[in-house]
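Good morning, and thank you for coming. Please take a moment to look at the structure on the screen before I describe parts of it.

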Amino acid sequence: MNTAAIHHRSTAEFCYAVDNDTVVITLKTAKDVTRAFIIWEDPFIHELRRCAWEGERKEMDLYIELPEHYIWRTEIVPKFKRVMYYFVIEGGSKEYSVFENKITPSEEADISAKQFFKFPWLNPSDVIRTPEWVRDTVWYQIMPDRFCRSSDSPDDDKFRPWGKFSDPGWHDFFGGNLNGIKERLPYLKRLGISGIYMTPIFLSNSNHKYNTHDYKMVDPDFGTEEELIALIEEAHSMGIRIMLDAVFNHCGDKFGPWLDVRKNGKASPYYDWFMINSDNFTDDRRPTDDARFYSFSFWPVMPKLNTNNPEVISYFTDICLHWAKVWKIDGIRFDVGDEVSHTFLRSVYSALKQVSPDIFLLGEIWNDSLTWVTSKEYDSVMNYPFCSCSDNFWSVPTQNSTDFMYAINYCRSLYPSQVTNVLFNFLDTHDTDRAIEHCANEDVLLQKLAVLLTMPGTPCIYYGTEIAMHGKLNPYNRACMPWKDIEAGRYDEMFEKVRALISIRNSESSLRSGEIEFCRFAEYPRLLCYNKSNKTRVYINAEDNAVPITDNGRVLYSNGYSGTQLKKDGILIIACEL
């Protein structure tokens, strides 16, 4: 047995509470382990019983399969809120006992040494609690400048003609605004959207607004504070939540405190709000790779904020509280969320959750983010590994359904289940190529959307993906929404297919569940098939030819299904009782 592959620690990666009564415990092993058991009991019960501590034996479930590992899982409901435990694993004719300090053949195990694992106490305030509404939400990401210019917008020479995207520049403005978004709320409601994530809306001299100049002022290009509040109120009346984008890792070069520092140097009361390393730091014509001050991605016009400074923490906490209390926003997405200090994030999280317990706090982190989501800093993170999983499967023809399963299971293995259920899944964003650019045709895009809308997590659709908008990396992935063509019916067929997919997601609770079981067919290696909560089954045919499907379940959604054959690039979702 490969004992070197066995891993467990009594930390949030392997041991956590899902509610006030239940502890989830997982164990990672190599694939030569065929059964796993947990031996558990209260750590002090033996003293009351005046006997040696032994523990109750419970078999664990095989929860996740990875390329080289199994992850075993069980739930414990400890009567006295604490658990002491060790594991027994079987493989071939061997049985081993897994303790905190060693792995040993069971016949040699000495439990009197008391080197057990321990979950000390189930404190309700320590339980990770994510907003319940998030897992039921279908998000829609909007860049306000490019989504819709309202019908009452005055002419302004600053803005290019809507949709004239030939030879786009980095500083082109098209005049999309908050009232334009408000006018299109019925379109989003019809699509089935229940959450809007807007990129930054605050005063800035760029079209993307990620270089903020004033965190308290809505950019006049987009509208006023009153118009923002009106948009939020109208969205709420239609059952649509609103999430704003917050840029607290860095600011723009016209941010008031930064201007004061540039003018007064060390005499400025804001000097320690930034990370300045040289007396001669004011040159903004060249990158900051000389470390004269720290900035985002070496851009001198985006100086990095010192989020370790208590004054900075207090300033931005107050801003977030204003957004929550006055504007009634439902969520905040934290840009460059892994470079902001943990101290800052814990402070903001605590303050916001006291005012608005159901507010959704999302971190932009592209990699493993366990520390942030288990330390009460974020409720969730942007699930870039999911995006990569989708792209890799459809871009690499040699990948099969097992490769896809491993990639999805990797995403599922990273976090406690209550976090996995609200991971922010997507196919594309303003930072990536548009999804259609990695698809052979629109049917493949629909397949990817079907996966997005049936996997654990909360799905997000980038504006225009529902009509298969094209565009490589910035600025081409940020084109204007083609409203004239939409209203002329050019995209009706694609829109209706996506709308139907979202409708199935919204109506079938099993598709929003974190429970998933993969099925694999040796004769059809690129046929994806998985069951959700034993109630719905999804088929995605990525084979080069049609595949016969003899499933008798009630059809919920299909594209390219004849009743007996699922065509190449086809989708079939059925209701079933397994």
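Let us begin with the open sheet: eight strands form it in the order S18-S17-S16-S15-S12-S11-S20-S19, with parallel pairing. A strand here is a DSSP run of E of at least two residues, a helix is a run of H or I of at least four, and both are numbered from the N terminus. Two strands pair if DSSP finds at least two bridges between them. Strand S18 (380-381) and strand S19 (424-426) each have a single partner strand, so one side of each lacks a neighbour in the sheet. Strand S17 (residues 360-363) runs parallel to S18 and is joined to S18 by two bridges; Leu362 stands opposite Ser380 in S18.

I should state that this is a predicted model, in which local features need pLDDT of at least 70 and side-chain atom pairs count only at pLDDT 80 or more, while totals for chains, interfaces and linings use all residues. Residues are numbered from 1 along each chain as its sequence is written, and side-chain values use heavy atoms, leaving out hydrogens and water.

Next, strand S21 (residues 516-519) pairs with strand S22 (residues 527-532) in the antiparallel sense over four bridges. Ile516 stands opposite Lys532 in S22. Which side chains of S21 are buried? Ile516 and Phe518 point to one face and are buried, whereas Glu517 and Cys519 point to the other and are not. Buried means under 20% relative accessible area, exposed over 50%, and partly exposed in between, with a 1.4 Å probe and protein chains only.
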